[in-house]
Amino acid sequence: MTDTPPDVGLTGDGNYFEDFSVGQRMQHFRSATIDEVENNFITKQVMNTAQGHWNEEAMRGSPLGDGRLVFGLITGSMTVGLTSQDTAENALAEVGLDKVRFRKPVHHGDTITAYTEVLSIDDADRDDAGVVRFKHWGRNQGGDVVCELERTVLIKRRSHWVAS
Amino acid sequence: MADEIDWDSFPLARKGNQFQDFTEGQSLPHHWGRTLTAGDNAIFSTATCNWNPMHLNAEYAKAHGHDDVVVNPMLVLCTVVGLSVEDLSEVGGPFLGMEDVTFHRPVYPGDTITAASTVVETRESESRPNVGIVTWHTEAHNQRNELVVDYRRTNLVAKRRAPKDGDT
């Protein structure tokens with residue numbers, strides 16, 4: 001380590017622990033389309049053997065919709081990813097998830113937009129960070145909620161990490 | 001000659017479990033394991049728009065006390081679920097959700113993850129007689145047998161239908 005704080009210039013200044021308040025809401029700026037790389041490739045990369053995610057013929061005429069069904073945790077990971085700059089750029093660690101729900105089928109070509117509300121803010125068991133619990137939603141291009149989850153993140157306190 | 005082959009004579013090498021295959025308390029050690037590489041982490045984190053320097057900038061991660069980038073916990077979670085799919089849900093039904101996902105410690109490039117589940121509960125579906133509901137507790141460990149992540153997952157699971165007259 002050097003004397004210079006490790007994150008000078010590399011991360012934003014508006015997303016330290018002190019910047020979050022209970023009830024705060026955000027629609028995240030960037031949305032993302034789920035297609036070959038995001039579902040077909042990653043689902044196989046993570047060894048998910050359920051071929052409905054990567055065999056177009058297996059899902060033809062499915063009641064869940066025609067064609068490859070996106071693995072729910074790909075939708076969940078994309079939702080978390082789309083929130084990450086605003087919610088975890090100054091995080092020390094991801095603590096956990098809870099109440100993860102996949103509400104509607106997602107297919108290749110669908111576009112996810114992420115929304116966040118801050119549920120709680122608590123001290124951590126270390127002085128230089130605090131714990132923030134978020135509620136996230138992922139919506140598709142038609143406005144339907146496709147996934148929702150709660151997520152707990154350990155986030156740096158500006159008071160300890162930014163030289164005044 | 002190919003056009004003389006009786007394709008129906010090749011029995012399907014089926015995979016997966018159905019509702020009747022699960023009993024409460026049953027242990028299911030999952031297949032394969034997975035060494036998560038730097039490449040896995042970089043591809044997954046970038047493809048899911050998770051450009052966090054803790055996952056993608058090794059010098060930044062080292063300045064925060066790690067020896068290398070921290071593998072994106074969502075990649076770890078996806079991999080653990082992936083390893084469990086054949087045993088738990090491949091032929092069962094849609095993935096509905098999970099509870100109490102806890103990331104217990106960081107995973108680093110080169111770490112090897114193995115997964116195992118325990119059947120917590122099996123019950124009938126009141127509205128759909130052809131499916132049941134199963135809850136599992138899944139744990140994943142690294143190569144030092146340290147707990148990395150655990151969670152509970154509940155799914156609708158298709159029942160194996162009773163044989164009918166005329167079945168072979």
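These points cover how chains A and B meet, and then one residue of chain A, in a predicted model.

1. **The two chains touch.** Start with the contact between them. On one side, 38 residues of chain A take part. They are in contact with 37 residues of chain B.

2. **Which elements of chain A build its side?** Three elements of chain A each give two or more residues to the side that touches chain B. They are α1 (36-45), α2 (72-88) and β3 (91-102). The largest share comes from β3(A), with 11 residues.

3. **What kinds of residue lie there?** On the side of chain A that touches chain B, 21 residues are nonpolar. Another 9 are polar, and 8 are charged.

4. **Strand meets strand.** Look again at β3(A). This strand pairs with β3 of chain B, residues 95-103. The pairing is antiparallel and runs over 4 bridges. For a place to look, find A:V100. Opposite A:V100 stands B:M98, a residue of β3(B).

5. **Is A:T87 buried or exposed?** A:T87 belongs to helix α2 of chain A. Count the other C-beta atoms within 10 Å of its own: there are 24. The cut-off for buried is 20 or more. A:T87 is therefore buried.

6. **What does A:T87 touch?** Set aside its neighbours within four places in sequence. A:T87 is then in contact with A:T116, A:F134 and A:V153. A:R133 is worth finding too. A:T87 and A:R133 are 46 residues apart along the chain. Their C-alpha atoms are separated by 9.9 Å.

Note on methods
Residues are numbered from 1 along each chain as its sequence is written. Chains are lettered from A and ligands numbered from 1 in the order in which they are written. This is a predicted model: local features need pLDDT of at least 70, side-chain atom pairs count only at pLDDT 80 or more; totals for chains, interfaces and linings use all residues. Two residues are in contact if their C-beta atoms, placed from the backbone, lie within 7 Å. Ala, Val, Leu, Ile, Met, Phe, Trp, Tyr, Cys and Pro count as nonpolar, Asp, Glu, Lys and Arg as charged, and the others, Gly among them, as polar. Two strands pair if DSSP finds at least two bridges between them. A residue is buried if 20 or more other C-beta atoms lie within 10 Å of its own, exposed if 12 or fewer, and partly exposed in between; C-beta atoms are placed from the backbone.
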